[in-house]
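Q: I am new to this structure and would like to learn how to read a single helix in it. Could you show it to me?

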Amino acid sequence: MPLMSGTEFLQVVNELQPEARRVLLTAYADSAAAIDAINKVKLNHYLMKPWEPPDQHLYPVLSDQLEDWQAGNRESFEGAYVVGTRWAPDTHRLKDFLAKSQVPYRWIEPEGITDTRVLAALGEKPPVLPVVILPDGSVLERPELSQLADKLGLVTIPSRRFYDVIVVGAGPAGLACALYGSTEGLKTVLLEREAAGGQAGLSSRIENYLGFPSGLSGADLARRGVAQVRRFGTEVLAPAEAVGLVVDGEYRVVKLSNGQELAAHSVVVAAGVQWRRLDVPGMDRLTGAGIYYGAAITEASSCKDEDVYIVGGANSAGQAAVYFCEVARSVKMIVRGDSLSRSMSHYLVERIQTIPNISIIPNAEVVEAGGQDRLEDITVRHHDTQVTEKLPAAALFIFIGAEPHTEWLDGVVCRDGKGFLVTGANLVQNAKRPAGWNLDRDPYLLETNVPGVFAVGDVRDGAVRRVANSVGEGSIVLYFIRQYMRNR
Ligand SMILES: Cc1cc2nc3c(=O)[nH]c(=O)nc-3n(C[C@H](O)[C@H](O)[C@H](O)COP(=O)(O)OP(=O)(O)OC[C@H]3O[C@@H](n4cnc5c(N)ncnc54)[C@H](O)[C@@H]3O)c2cc1C
């Protein structure tokens, strides 16, 4: 293309076909062209010339890109349908579950359905909304998630009662732990309350994970992680929620919310954190009906050409803003501090500053949400003037930090004042080991006060909340599990 550079070509492609995967072929060592393209067209991959032999250097890359594209592609559509009104929290619950479970789906409002497959499945009788229509034609009216999971063929029943390692939580930490457990030949089961991927699965673009210069979406990371752990024999149960832990001599027994119990030599808690709730009038009532915690990816398509408000000034809020700015008319970030730079990575602050339809409302907080059956307005208080103003709003996304939910371990595993699990050297105070500890050694790094029970990733007291850290801890914990099993 003598008249156009590859990057210019991809810029045009980006406008015409934003869903297309973008791969740049560059001359060997021309990383400047690749970096330019990463910044300008959100490149998915760059290939160096020469790419021969193609079955080593070209085909695997293209297959990988096609698989990622297919996982999110809505055009050649053979997936599920969700029929439900935008403002119904139940519709959001189902969409969120399908999105997190990587099940391709299309959401349609009940009014004016034209799709013949949907009309045929619904028949004459008005259905109880929301409805999920599965590719085999079965219709589920306002289903429970467990019912939907069953129908989708997700595995929720364990194949055995006893394992070497039970991992609770399938975020990056749990997936890494399961991978290393299985590759080392340990019988490993991975329990996930919602859908594999954890918080990282909500990230529209992770750019600081080593080895992915163009970044990758959390959904892609989750899908690849799950495929990898399954390949090595990890049993993945989802949805499956751990609700209790019992120490029975040598065995560690995990109780599930459906009444089942699983036992193992060792348990790894990789349960991460959850969004903190914004506790102001109107929030709880309108959650799922215009107010969402995280969920940027699930709800983005509903916000086309709307004004979107985001609460929060950390990286997750910044990523969401960058994601929404392509569909929404405007994105307004409400932040408590006077700027983003205090809480957000430098690369994201710089990016946001160049995007014209993102604006920041600093020194401010949301003090009320209003609306009958759906969000209609928010009240914002400006700290510097103490003025409050009511702003019309259809969509509010909240990213105000997160906290662990480890109540189910209370009384068994040591938690700090905020619920994070205490591990390793932090358990030894004034040279005294934790109460009840009866081994002739200190707790290992990442081990809790219960021998053989470990904590990794964001749920751990003092963890660095990053994908790389979670993957790192999930990987190295296997070394300590081995030590524990050998020296019991
Ligand atoms: C929107 C967003 C963007 C982000 N972007 C980046 C980024 O660009 N770079 C970066 O490095 N970090 C990023 N982070 C942070 C990163 O995602 C987290 O640090 C990382 O996901 C933590 O991994 P984890 O496995 O410890 O926990 P999580 O990812 O929180 O996973 C924990 C899993 O455990 C499950 N679980 C919890 N309790 C139970 C239970 N009782 N039973 C069964 N399952 C349970 C949860 O459902 C969840 O799936 C981002 C976070 C968010 C929310």
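The turns below follow one helix and its surroundings.

A: Keep in mind that this is a predicted model. We take helix 8, residues 172–183.

Q: What span should the 12 residues of helix 8 have?

A: A helix rises by a set amount per residue, so its length can be checked. At 1.5 Å a residue, helix 8 should span 16 Å, and its end C-alpha atoms are 16 Å apart, which agrees.

Q: How many residues of helix 8 are buried?

A: Burial is judged by relative accessible area, with under 20% counted as buried. In helix 8, 10 of the 12 residues are buried, leaving the helix mostly covered. Among them are Pro172, Leu175, Cys177 and Gly181.

Q: Which elements do the buried residues of helix 8 pack against?

A: They pack against three strands and two helices: strand 7 (162–168), strand 8 (188–191), strand 12 (261–269), helix 9 (218–231) and helix 14 (467–487).

Q: How do the axes of helix 8 and helix 9 cross?

A: Two axes are compared by distance and angle. Here they come within 9 Å and cross at roughly 20 degrees. Angles under 35 degrees count as roughly parallel, so helix 8 is roughly parallel to helix 9. The crossing is left-handed.

Q: Which residues of helix 8 and helix 9 meet?

A: Leu175, Ala178, Leu179 and Ser182 of helix 8 meet Gly225, Val226, Gln228 and Val229 of helix 9. Five of the residues in this contact are nonpolar, three are polar and none is charged.

Q: What phi does Gly185 take, just after helix 8?

A: Gly185 has a positive phi of about 85 degrees.

Conventions. Residues are numbered from 1 along each chain as its sequence is written. This is a predicted model: local features need pLDDT of at least 70, side-chain atom pairs count only at pLDDT 80 or more; totals for chains, interfaces and linings use all residues. Side-chain values use heavy atoms; hydrogens and water are left out. Helices (H or I, at least four residues) and strands (E, at least two) are DSSP runs, numbered from the N terminus. The expected span of a helix is 1.5 Å times one less than its number of residues. Buried means under 20% relative accessible area, exposed over 50%, partly exposed in between (1.4 Å probe, protein chains only). Contact means heavy atoms within 4.5 Å. Axes are lines fitted to C-alpha atoms, for helices over the stretch in contact, and angles run from 0 to 180 degrees between N-to-C directions. Angles under 35 degrees count as roughly parallel, over 145 as roughly antiparallel, 65 to 115 as roughly perpendicular and the rest as oblique. A crossing is left-handed if the near helix is turned anticlockwise from the far one by less than a right angle, and right-handed if clockwise. Ala, Val, Leu, Ile, Met, Phe, Trp, Tyr, Cys and Pro count as nonpolar, Asp, Glu, Lys and Arg as charged, and the others, Gly among them, as polar.
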